[in-house]
Amino acid sequence: TKVKPILKWLSQLGLAELQIRKVVARFPILLRLRLEDNLKPTVQCLKDFGMDDLRVVQAIPSHPHLLSYSIEDNLKPKVQWLKDLGLDDSQVKKSIATQPSL
């Protein structure tokens, strides 16, 4: 089963057990995503945008659906749109972390 590796990975990211439970309860589809093809690349993309580990870990419990976003179809265009609006890198990181559904 692929559930245990996902739970272990969330823990390795730095989420506490209670946070992991909250994530799974709010977004159970997460457990159906592919760790290597979806979850890890999405977190790496967020880090490539400049989000540090702490900001990623803080964003996931509040916005677990962020982990399901397509990098090419959602995250990259969203970041570019925010930059086109005139937001600097710090503001873009904060926007993605706190309001990923923008």
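The legends below describe close-up views of a predicted model.

**View 1. The buried and exposed sides of helix 1 (residues 3-13).** Ile-6, Trp-9, Leu-10 and Leu-13 are the residues of helix 1 shown here as buried. Because these four cover an arc of only 100 degrees around the axis, they lie on the same side of helix 1. An α-helix has 3.6 residues a turn, so residues three or four places apart point the same way. On the other side of helix 1, Lys-4, Lys-8 and Gln-12 are exposed.

**View 2. The surroundings of helix 1 and the residue that follows it.** The buried residues of helix 1 pack against helix 2 (17-26), helix 3 and helix 4 (53-62). After helix 1 comes Gly-14, which has a positive phi, near 120 degrees.

**View 3. The largest nonpolar core.** This core has 31 residues, and those with the most contacts inside it are Leu-10, Leu-13, Leu-30, Leu-39 and Ile-96. Two or more residues each come from helix 1, helix 2, helix 3, helix 4, helix 5 (71-84) and helix 6 (89-98), and helix 3 gives the most, with 5 residues. When residues up to four places away in sequence are not counted, Leu-39 touches Ile-6, Trp-9, Leu-30, Leu-33, Arg-34 and Leu-67.

**View 4. Thr-42 in helix 3 (residues 35-48).** Thr-42 counts as buried because its relative accessibility is 2%, where the cut-off for a buried residue is under 20%. With its neighbours within four places in sequence left aside, Thr-42 is in contact with Leu-66, Leu-67, Tyr-69, Ile-71 and Leu-75.

Key
Residues are numbered from 1 along each chain as its sequence is written. This is a predicted model: local features need pLDDT of at least 70, side-chain atom pairs count only at pLDDT 80 or more; totals for chains, interfaces and linings use all residues. Side-chain values use heavy atoms; hydrogens and water are left out. Buried means under 20% relative accessible area, exposed over 50%, partly exposed in between (1.4 Å probe, protein chains only). Contact means heavy atoms within 4.5 Å. The arc is that of the directions from the helix axis to the C-beta atoms. A nonpolar core is a set of buried Ala, Val, Leu, Ile, Met, Phe, Trp, Tyr and Cys residues joined through side-chain atoms within 4.5 Å.
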